[in-house]
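These are my notebook entries on a single protein chain. I set down what I looked up, entry by entry.

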Amino acid sequence: MIKYVQQGMQWINGAPVAADPNCDRNSARRGTIAYQIMNAHNEAHDGDVMRIRFDALVSHDITYVGIIQTARASGLKEFPVPYAMTNCHNSLCAVGGTINEDDHVFGLSAAKKYGGIYVPANQSVIHSYAREELARCGHMILGSDSHTRYGALGTMGVGEGGPELVKQLLKNTYDVKAPEVVLCYVTGAPKKGIGPHDVALALVKETFGAGLVKNKVLEFAGPGIASLPYDFRSGIDVMTTETTCLSSIWATDEEIEKYYRVHGRPEAYRKLEPMEGAYYDAIITIELDKIESMIALPFHPSNAYTIHEFLENADEILAGVEEEAAKKFNKAKLDLRSKVSDRGVMADQGIIAGCSGGLFDNIVEAADIIKGGSTGNGYFSFSVYPTSIPTSLALTRSGKTEALLEAGAVIKPSFCGPCFGAGDVPANNGLSLRHTTRNFPNREGSKPGEGQLSVVALMDARSIAATARNGGYITAATDVDYETERIEYQFDRSVYDRRCYYGFGKADPDAELILGPNITDWPKMYPLTDNLLVELAAVIRDPVTTTDELIPSGETSSYRSNPLRLSEFALSRRVPEYVGRSKAVAADEAARREGAKPEKLVKALSAVGCADELLKNTQFGSCVFANKPGDGSAREQAASCQKVLGGFANICYEYATKRYRSNCINWGIIPFTLAEGAEFPYEDGDFVFVPGIREAILAGREEIPAKAIKKDGGVEDITLYVKGLTEDEKAIILEGCLMNYYASRSR
């Protein structure tokens with residue numbers, strides 16, 4: 001099906017061959033589509049760090065408020081590039097009183113003041129709007145959402161935390177080490193019943209676990225692409241985020257030319273293809289004809305099996321999920337094996353939604369599969385969220401909405417909730433099947449800390465429809481006899497013209513920003529001092545820690561505009577004691593700044609020197625240790641909440657994603673790492689003292705000696721690393737955060 005090979009390849013006569021060992025890799029890599037595009041946007045003409053300016057920006061309503069507030073505090077006058085603000089995450093406006101709609105009103109007022117694009121609630125999810133209105137062949141888009149992926153349309157999308165968008169709004173660059181490029185060579189054509197999620201889950205399974213494509217660019221080319229409609233390509237492309245790659249790009253052809261023509265923007269198309277001799281650092285072969293219907297079990301999209309394999313071994317596989325749940329959650333019990341019977345495995349819910357599932361072609365084929373059938377009147381429910389109003393309108397006009405409703409499906413508005421844990425929360429012990437992007441813990445909206453636990457398995461829309469037709473028993477779409485025919489999508493832009501605000505180039509500095517009572521400014525943050533003392537407030541030894549565990553999604557989204565209230569949720573579902581511990585540390589640091597001598601600091605510093613002297617120039621903060629933190633969402637709050645609570649450092653073996661590490665840096669959290677295999681036997685309440693940290697960062701020293709101070713008073717030498725900081729990143733850490741950095745520059 002899908003196979004990764006770590007071997008240099010070159011594009012010769014329209015196909016990959018083993019690279020000439022004498023070829024200049026750096027020069028030949030410029031022939032890839034990825035480098036053709038990146039070099040056109042790169043303001044650094046030498047060195048291995050690229051400084052990228054993007055053509056457009058996109059955010060949604062749990063990120064744009066913080067971005068604009070940060071940019072405003074840093075001197076923002078108007079948006080320099082098209083910036084689309086969609087409202088697809090806090091669309092319910094049902095949690096926390098008026099505050100969700102207050103954010104939306106703020107967004108429209110910001111679009112008027114600074115010259116932005118405003119997409120009202122339920123008009124479109126962020127990525128469908130970007131595909132429909134902003135993508136162009138050869139362009140680059142930066143989004144404050146990790147699934148910013150438009151490679152199938154010839155646009156390189158990058159998902160990052162909000163501070164990286166702030167840099168673009170202030171006419172600065174996105175700085176990234178020149179990435180390797182992996183060729184995804186596509187052959188064959190998918191069987192009937194196979195959809196984009198089947199291909200995507202197989203790709204994530206092959207690449208994620210060993211970090212094979214981490215921070216690299218995936219470039220799709222090969223004869224098999226021609227067999228895929230543009231929706232199918234986009235459905236695969238958006239899931240490349242789950243491989244931990246940096247971005248993605250596809251060769252373009254007549255099918256993509258048709259996409260732009262259908263969407264009224266024929267000028268946005270141009271043919272993209274690798275140049276002769278283009279060099280790739282590795283190759284992934286994707287044989288579409290060998291892809292089977294897939295299911296990804298909790299708690300990650302890479303935990304994938306063919307549906308047939310899963311059904312044959314359901315009891316054993318589900319026992320493994322239960323065991324993992326028991327390790328993660330001690331207040332809730334999961335019993336999935338009770339869903340196994342002679343008839344198969346019963347699910348409680350099927351959902352097709354969002355930027356990966358709610359695409360026109362997916363829903364059309366799902367409607368064809370369930371047409372004339374019934375979801376039944378048992379516990380199983382089936383909901384469909386078209387990804388935008390134009391998509392919903394086209395489905396209605398084609399008769400597919402009618403077929404779904406007649407079979408018992410519920411059609412819901414464009415909304416990302418089922419992907420991040422807001423809306424459609426199953427009953428306790430529920431198993432929800434979703435064609436969405438993620439199945440991390442809490443993505444279904446349950447609260448394990450309160451004894452509520454349900455879980456998500458990912459499947460393609462086609463197999464979800466087949467399951468619905470079978471009364472909720474998990475069924476591969478390839479096992480169902482049905483007739484389907486591709487309907488040519490007709491995009492009607494008039495609904496956007498009537499509802500969206502298009503203000504780019506029309507900034508009105510006299511327009512008033514409308515700030516609801518929940519929209520607050522960031523608390524004061526301080527520059528880095530000479531020395532640093534951190535107390536371990538959370539020690540997590542899981543193999544990977546997701547951003548959903550660092551700051552939960554779902555109900556917290558209503559507080560994304562209020563840094564202090566949001567910080568109360570930090571690590572709440574993984575280390576509930578973290579917030580209290582961090583607040584205690586922050587209180588001691590506040591007292592130290594006022595000249596007091598907190599007992600805890602005096603005791604710790606006395607173990608490494610003269611406490612009275614060290615108190616004058618040693619900052620005290622909290623610290624999180626995790627083996628590999630930051631997988632998943634781009635949300636900056638995974639880092640900013642730590643900083644608001646007084647966090648000054650993270651320690652780990654590696655960061656799961658570049659975007660989480662960047663978020664830490666932009667909030668003044670030092671991204672320490674340990675050497676591979678080094679022991680870290682310390683627990684919460686222990687300290688790490690880093691003498692001379694300011695001078696070390698300033699000088700660019702990457703190996704930094706430190707002292708671990710145990711609660712019992714023992715002191716041990718440890719070595720920390722801070723690798724690969726750019727000059728700007730050093731300055732941001734020294735100033736204490738990105739806002740301070742811009743304020744110091746303006747002074």
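**Entry 1: charges.** I looked up where the charges of the protein chain are centred. The chain carries 79 positive and 97 negative charges, and their mean positions are 3 Å apart. I note here that the model is a predicted one.

**Entry 2: overall form.** I asked how many helices and strands the chain holds. I found 28 helices and 34 strands. The radius of gyration is 25 Å, close to the 27 Å that the globule rule gives for 747 residues, so the chain is as compact as a globular protein of that length. Along the principal axes, the C-alpha atoms fill a box of roughly 80 × 60 × 55 Å.

**Entry 3: burial and contacts.** Of the 747 residues, I find 64% buried. The accessible surface comes to about 26,100 Å², and carbon and sulfur atoms account for 48% of that. I then turned to contacts between residues at least 6 apart in sequence; 77% of these join residues at least 24 apart.

**Entry 4: salt bridges.** My search of the whole structure returned 44 salt bridges. I followed several of them in detail.

I began with Glu164 and Lys167, whose side chains meet in a salt bridge at 3.1 Å, N to O. Both residues lie in helix H6 (residues 162-169), three residues apart, about one turn of the helix. An α-helix has 3.6 residues a turn, so residues three or four places apart point the same way. I also asked whether Glu164 and Lys167 are buried or exposed. Both are buried.

Next I took Asp492 and Arg397, which form a salt bridge at 3.2 Å, N to O. Asp492 is in the loop between helix H17 (461-469) and helix H18 (494-499), while Arg397 is in helix H14 (residues 389-398), so the pair ties together parts that are 95 residues apart in sequence. Asp492 has 19% relative accessibility and counts as buried because the cut-off is under 20%. Arg397, at 59%, counts as exposed.

The third pair I examined was Glu535 and Lys600, with a salt bridge of 3.0 Å, N to O. Glu535 belongs to strand E26 (residues 531-540) and Lys600 to helix H22 (residues 599-606), so this pair ties together parts that are 65 residues apart in sequence. I find Glu535 buried at 10% relative accessibility. Lys600 is partly exposed, with a relative accessible area of 29%.

I also recorded a network of salt bridges that links Glu255, Lys258, Asp361, Arg486 and Glu488.

**Entry 5: helix H8.** I asked how many residues of helix H8 (residues 230-237) are buried. The helix is mostly covered, with eight of its eight residues buried. Among them I list the charged residues Asp231, Arg233 and Asp237, together with Tyr230, Phe232 and Ile236.

**Entry 6: Tyr742.** I located Tyr742 in helix H28 (residues 738-746). At 6% relative accessibility, Tyr742 counts as buried. I then asked which residues Tyr742 is in contact with, leaving aside its neighbours within four places in sequence. They are Ser74, Val166, Lys167, Leu170 and Asn172. Lys167 thus appears twice in my notes, as a contact of Tyr742 and as the salt-bridge partner of Glu164. Finally, I checked Tyr742 against Ile732, 10 residues away along the chain; their C-alpha atoms are separated by 8.6 Å.

How values were computed. Residues are numbered from 1 along each chain as its sequence is written. This is a predicted model: local features need pLDDT of at least 70, side-chain atom pairs count only at pLDDT 80 or more; totals for chains, interfaces and linings use all residues. Side-chain values use heavy atoms; hydrogens and water are left out. Helices (H or I, at least four residues) and strands (E, at least two) are DSSP runs, numbered from the N terminus. The radius of gyration is taken over C-alpha atoms; the globule rule is 2.2 Å times the number of residues to the power 0.38. Buried means under 20% relative accessible area, exposed over 50%, partly exposed in between (1.4 Å probe, protein chains only). Contact means heavy atoms within 4.5 Å. Accessible areas come from the Shrake-Rupley method with a 1.4 Å probe; for residues, only the protein chains shown count as cover. Lys and Arg count as positive and Asp and Glu as negative; His and the chain ends are not counted. The place of a charge is taken as NZ of Lys, CZ of Arg, CG of Asp or CD of Glu. A salt bridge is a side-chain nitrogen of Lys or Arg within 4 Å of a carboxyl oxygen of Asp or Glu.
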